[in-house]
Amino acid sequence: MPRDIAGEFYKRAGHKLALLYGEHQAGILIDELISLLQHHVAQERDCRLQRWDERDVILITYGDSIVEAEKAPLQSLNGFLNRYLSGLVSTIHLLPFFPYSSDDGFSVIDYTTVNPDFGDWNDIERIGEGFDLMIDLVINHVSRESLWFIDFINQKPPACYYFWEVDPVVDLSEVVRPRKNNLLTPVHTHRGVRYVWSTFSEDQIDVNFGNPNVLREFVRILLLYLSRGGRFIRLDAIAFLWKKLGTSCINLPETHEIVKILRIIMELVAPSSVLLTETNVPKEQNRSYFGDGDEAHMIYHFSLAPLLLHALHHGCSDVLNEWAKISFDAPPGCTYLNFTASHDGIGLRPAEGLLSPDEVDSLIDMMRQFGGFVSMKANPDGQDSPYEINITYFDALKGTVRGVDQWQVPRFLCSQTILLGLRGIPALYIQSLLASSNHLAGVEKSGRLRSINRKQWDLAEIENLIESPGTPNEIVFNELKRLLAIRQQQQVFHPDAEQTIIDFGSNFFAFTRVNRNHSQQVVSISNLTDQPQVLPLPDSLSDDQWFDLIREVDVADIRIAFQPYQTMWLRKM
């Protein structure tokens, strides 16, 4: 930790702030930010020697995904986590647990308090005693019920200047939209009706980072989350942060400068903390948030989810192979968060340029057959196009292009085993861990398509399912736990260990992981089909002795037999 916080911050961030706000405003802001940082450093106890290793696995969950009568949901969740996942999962990504007005937490009313329906900060910190915490910094927008926006309505400084007010006659046709709603929301204020920028919904009002006071407010919030045990900070919807009329208002250079500044702050006050950007955009745009190794420590691998579905639906690895060969490189000190499911849907923008329009249409048709829905977005040309698929990943794999079949459980486990082996840090969504089916009752109740993958489980109900032998929930839950235990014992699964894709033909998806520091090698091979397959090992592999970590058996035959959807992790003896 640098002793001279003021000097280090000025040296690394001063010119960036001047670029954004001008020399005079930047000078004032720097002094204010340094004061905040120095106060935080006086309290910080950050002693982790490395940012990540092979034991890092993230579980994504809402604070109220597990509930029981007469108990705060965060307490029920903590009990479940400690009983079933202690030592197997390293980090809990607690989706927004603050008071909110809509969008299941992403319309934040108060960033500094815990939703009393969930519990309190003590409950958050108790979870943090057994696990690292990932906390969302919902940085692009606030709830229209927030005190900041109420001050906007009442024209009370300074928050009345925290929002984007735009004349509705201004041409905004170039703005890239992730939703179909109107970009500008009319609001009745003390000055009459004003139109404010609202990228996602009329209840989620975008803040104006062109005002340096907004950055100061969010740095204060960031430091609060770090002080409360947050080691991973997720920047929600960061790509839309900075607005400039006459542009697409997505991925602007100023947005990247804000990300760099936040990383500098985190590295100064909490050196082992991790900054994660959430940018559900095509591959190259997403990767740009690594910068030159000076922006996000970690970015989402959004393309994995749709491409893995495509491979398992068709029993063909061709597209997945070509993408994976060129998509896992990262600057030093950076890595990917690999996931197949989260609280959101399965993004289709990350499949752009990877799947043809016909292949995307085929995927959408299958998801509808399997009980899913499709959310749309508005395009600059006035047309709508598919934005994401809303379905649980478990039900997304209940069949193939030929329809529903009996292979749902092994096919789903194949997808998750591939996920756990890839270079980067794996993240499991709690609904995937529990093998949740489509929550159609939730969609009907809320009127929101994303509710299909946000079931709230009664603790007694889910414990009965995962402890009853032979249920899909029990099979998936316990097999994933077993795989997690195997994985964390293998240093070859360190997020930075080398990875090479191997082409064993369309029926298989295979890759090697190599940890040269420990002279270890594992070859992961998955049968993507519903038919038994025999794979003759090439000469480069057949001369060695192998041990299958998953089945815990030696593999002596150079012709390996695979059951449908079986994966082997072959460790070099």
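Both F508 and F562 are buried, where buried means under 20% relative accessible area with a 1.4 Å probe and protein chains only. This is a predicted model, in which local features need pLDDT of at least 70, side-chain atom pairs count only at pLDDT 80 or more, and totals for chains, interfaces and linings use all residues. Residues are numbered from 1 along each chain as its sequence is written, and side-chain values use heavy atoms, with hydrogens and water left out.

Rings of Phe, Tyr and Trp (its six-membered ring) pair up if their centres lie within 6.5 Å; planes under 30 degrees apart are stacked, over 60 edge-to-face, and the rest tilted. By that rule there are 28 aromatic pairs. Here are two of them:

| Pair | Centre to centre | Angle between planes | Class |
|---|---|---|---|
| F209 and F218 | 5.5 Å | 35° | tilted |
| F508 and F562 | 5.4 Å | 65° | edge-to-face |

The F508 and F562 pair ties together distant parts of the chain, 54 residues apart: F508 sits in strand β21 (residues 508–515) and F562 in strand β26 (residues 559–562). Strands here are DSSP runs (E, at least two residues), and helices are runs of H or I of at least four, numbered from the N terminus.

As for the other pair, F209 is buried at 1% relative accessibility, and F218 is buried with a relative accessible area of 1%. F209 and F218 also belong to one aromatic cluster with Y111, W148 and Y162.

Elsewhere, K455 lies over the face of W457, 4.7 Å from the ring centre. That label needs NZ of Lys or CZ of Arg within 6 Å of the ring centre and within 35 degrees of the ring normal.

Terms used
Buried means under 20% relative accessible area, exposed over 50%, partly exposed in between (1.4 Å probe, protein chains only).
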